[in-house]
Amino acid sequence: MTLLDDVRPDESDHPFLPGMSRGWLMPWYDVVARFRGLGRLYRRTAVVAGVRPGEHVLDVGCGTGNLTREILRTAPDAVVTGLDPDGDSLRRAAGKLRRRPAEVTLVRGFAHRLPVADGSQDHVVSSLALHHVPLAEKVLLAGEIARVLGPGGTVTIADFAGDHGSAHHHGHGDAAHDGPDARSSHAEPGGPHAHDDGAHRHRPGGRQPGHGPGSRTHDADNADGGIERLLAGAGLTDARAVGRMPLLGDEVVFVQARRA
């Protein structure tokens with residue numbers, strides 16, 4: 001286990017949004033995540049990613065290490081780098097992962113500058129992190145993902161769909177029941193998602209203010225195939241939604257793309 005700080009002096013004041021919207025609430029993140037059923041999201045993301053033993057994986061916005069831990073359960077010999085701007089969260093992740101025999105490096109840094117070499121990763125994964133990032137930085141992140149993936153490498157992103165509809169209204173059901181290669185017509189990029197259920201009405205530009213995972217965020221950028229367009233715009237191929245699942249009164253979309 002290695003814990004590194006890759007924040008440059010000119011980035012020391014760079015703003016970021018902690019997983020609970022307030023840094024002082026982060027000690028309770030894992031308790032809240034468990035209570036709200038996020039474990040099945042992490043497990044589902046790991047299955048969709050399909051990491052094989054020995055492959056190199058970058059977990060962007062790894063937080064307290066929940067997705068990293070699930071990746072290592074599916075591929076114990078994977079070489080994983082976790083990136084997050086929150087040093088306290090990374091220290092909690094290190095505590096969880098310290099007993100794992102795998103090679104794990106946790107890095108404090110930002111998504112606009114990924115701390116790995118060109119073409120060095122077989123997979124980039126991210127779960128409930130993209131909606132914390134403003135659009136301009138999302139674009140930089142997508143370019144960085146294209147840079148760090150090797151030929152044939154895959155990015156798997158699980159994030160709020162941004163269209164504020166629940167899964168049963170779209171006819172997709174719970175993506176947790178889909179196979180790991182569920183590439184049917186679950187979600188057509190750019191398709192209509194106009195449902196607003198009222199009880200979970202969002203303010204313009206993001207999710208409702210609050211202190212749970214995913215609050216005060218930029219998920220509106222993801223609507224109508226926004227994640228797919230983001231990845232395709234960075235030159236990645238076959239960008240598409242491969243599943244959906246309801247979560248926290250909203251809907252999460254799983255999006256994958258590849259480097260040719």
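This passage describes the aromatic contacts and the internal cavities of a predicted model.

With regard to aromatic rings, a search of the whole structure returned 0 aromatic pairs. A contact between a charge and a ring was nevertheless found, in which the charged end of Arg44 is placed over the ring of Phe254, at 5.7 Å from the centre of that ring.

Turning to enclosed space, the search of the whole structure identified 2 cavities of 30 Å³ or more. The largest cavity has a volume of about 50 Å³, and its lining is made up of 10 residues, among which Ala161, Asn222, Gly225, Arg244 and Val253 lie nearest the centre of the cavity. In terms of residue character, the lining of this largest cavity comprises 4 charged, 3 polar and 3 nonpolar residues.

The second largest cavity encloses about 30 Å³ of space, and the residues that line it are Val60, Val124, Ser126, Leu130, Leu141, Ile145 and Ile157. Two or more residues of this lining are contributed by each of the elements β5 (121-127) and α5 (135-148). The lining of the second largest cavity divides into 6 nonpolar residues and 1 polar residue, with no charged residue present, whereas 4 charged residues occur in the lining of the largest cavity.

How values were computed
Residues are numbered from 1 along each chain as its sequence is written. This is a predicted model: local features need pLDDT of at least 70, side-chain atom pairs count only at pLDDT 80 or more; totals for chains, interfaces and linings use all residues. Side-chain values use heavy atoms; hydrogens and water are left out. Rings of Phe, Tyr and Trp (its six-membered ring) pair if their centres lie within 6.5 Å; planes under 30 degrees apart count as stacked, over 60 as edge-to-face and the rest as tilted. A charge sits over a ring if NZ of Lys or CZ of Arg is within 6 Å of the ring centre and within 35 degrees of the ring normal. On a 1 Å grid over the protein atoms alone, a cavity is a set of points where a 1.4 Å probe fits but cannot get out, and a pocket is an open set with protein on both sides within 12 Å along at least five of seven lines; lining residues have an atom within 4 Å of a point. Grid points are joined across faces, edges and corners, and a volume is the space filled by probe spheres set on the points. Ala, Val, Leu, Ile, Met, Phe, Trp, Tyr, Cys and Pro count as nonpolar, Asp, Glu, Lys and Arg as charged, and the others, Gly among them, as polar. Helices (H or I, at least four residues) and strands (E, at least two) are DSSP runs, numbered from the N terminus.
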